[in-house]
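Q: I'm new to reading protein structures, and I'd like to zoom in on one part of this one. Could you walk me through it slowly?

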Amino acid sequence: MRPGETIVTDSFQTAIVVPIHNTGKYKLTKCIRSILAQTYKKFVLILVDDGSTDDDGRVCDYFAQRDFRIKVIHQPNKGSAEARKTGFFSDEAQTAKYICFCDSDDTMPKDALEILITAAEKEQADFLKKEFGDVAAIRRPASTGLFDEADNKFKKDKKYREDAEVTDE
C-alpha cells in the first residue's frame, strides 16, 4: 500500500487505532504482533505515528508493507488525544462498525477482539471496555452520535459496558 492510500474496509468490521509516540521498537513490535495474532481477523489496524523521534515510524512502515490490513498515518507531534482523533476520523475507521483503541505499549490477548465484538453484539452496547490494558471498543460515531464536533470531544453514551455490567446513563 502506498502512503496516503485508503484501505477499502467493506470486509473489515472493526478498526483498531493505535496512537504512537516514542514507544520504542521492542514494545511497539510486541503491541503490533499481539494485534495481528487476534483470532478475530476482520479488522484494519490504524497506526498513528505522532511525530516519533525514535524508530517507531519505521517499525510501523515495516509492518504495513507486510500486512494489507495495516494503515500508517505519520503526523507532526500533536499529543495522544489528537493522535487518537486522527485515527478515529480516518476513512478506514469511519467505515468500520466498531472502533477499538489500544495503547502502543500494551498488548492484547489473542481473543480480545473476539470477546469485545461478541459482547458488543450481544449487549448492543455503544461502548465497551475490557481489562486487557487500555483496550476499548465503541460503535462508530455516525451510528451513535458519540462525538460532539462542536465541542470537539466525546459525549457520554447511552449504554456502557465494563466487563459484565451494562448501565443506562
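What follows is a close look at one helix and its surroundings. Where does helix H1 run, and what meets it in H2?

A: Sure! Keep in mind that this is a predicted model. Let's start with the whole chain: it has six helices and 10 strands, and 47% of its 169 residues count as buried. Among contacts with a separation of 6 or more, 73% are between residues 24 or more positions apart.

Now zoom in on H1, which covers residues 25-36. You can check its length yourself: at 1.5 Å a residue, its 12 residues should span 16 Å, and the C-alpha atoms at its ends are 16 Å apart, so the two agree.

Next, look for its partner, helix H2, at residues 56-66. The two helices pack with their axes 10 Å apart, at an angle of about 25°. Angles under 35 degrees count as roughly parallel, and H1 and H2 are therefore roughly parallel to each other. The way H1 passes H2 is a right-handed crossing.

So who touches whom? On the H1 side you'll find Lys25, Leu28, Thr29, Ile32, Arg33 and Leu36, and they meet Asp56, Val59, Cys60 and Phe63 of H2. Sort the residues of this contact by type and you get six nonpolar, one polar and three charged. Take a second look at the numbering in that list, with this rule in mind: an α-helix has 3.6 residues a turn, so residues three or four places apart point the same way.

H1 has plenty tucked away, too: Leu28, Thr29, Cys31, Ile32, Ser34, Ile35 and Leu36 are its buried residues. Their cover includes H2 along with three strands, S1 (14-20), S2 (43-50) and S3 (70-75).

To see how one of those strands fits in, pick Leu47, which sits in S2. Its relative accessibility is 0%, so Leu47 counts as buried. Skipping neighbours within four places in sequence, Leu47 is in contact with Val18, Ile20, Ile32, Cys60, Ile70, Lys71, Val72 and Ile73. You've already met two of those names, because Ile32 and Cys60 also appear where H1 meets H2. As for Val72, it lies 25 residues from Leu47 along the chain, yet their C-alpha atoms are separated by 4.8 Å.

How values were computed. Residues are numbered from 1 along each chain as its sequence is written. This is a predicted model: local features need pLDDT of at least 70, side-chain atom pairs count only at pLDDT 80 or more; totals for chains, interfaces and linings use all residues. Side-chain values use heavy atoms; hydrogens and water are left out. Axes are lines fitted to C-alpha atoms, for helices over the stretch in contact, and angles run from 0 to 180 degrees between N-to-C directions. Helices (H or I, at least four residues) and strands (E, at least two) are DSSP runs, numbered from the N terminus. Angles under 35 degrees count as roughly parallel, over 145 as roughly antiparallel, 65 to 115 as roughly perpendicular and the rest as oblique. A crossing is left-handed if the near helix is turned anticlockwise from the far one by less than a right angle, and right-handed if clockwise. Contact means heavy atoms within 4.5 Å. Ala, Val, Leu, Ile, Met, Phe, Trp, Tyr, Cys and Pro count as nonpolar, Asp, Glu, Lys and Arg as charged, and the others, Gly among them, as polar. The expected span of a helix is 1.5 Å times one less than its number of residues. Buried means under 20% relative accessible area, exposed over 50%, partly exposed in between (1.4 Å probe, protein chains only).
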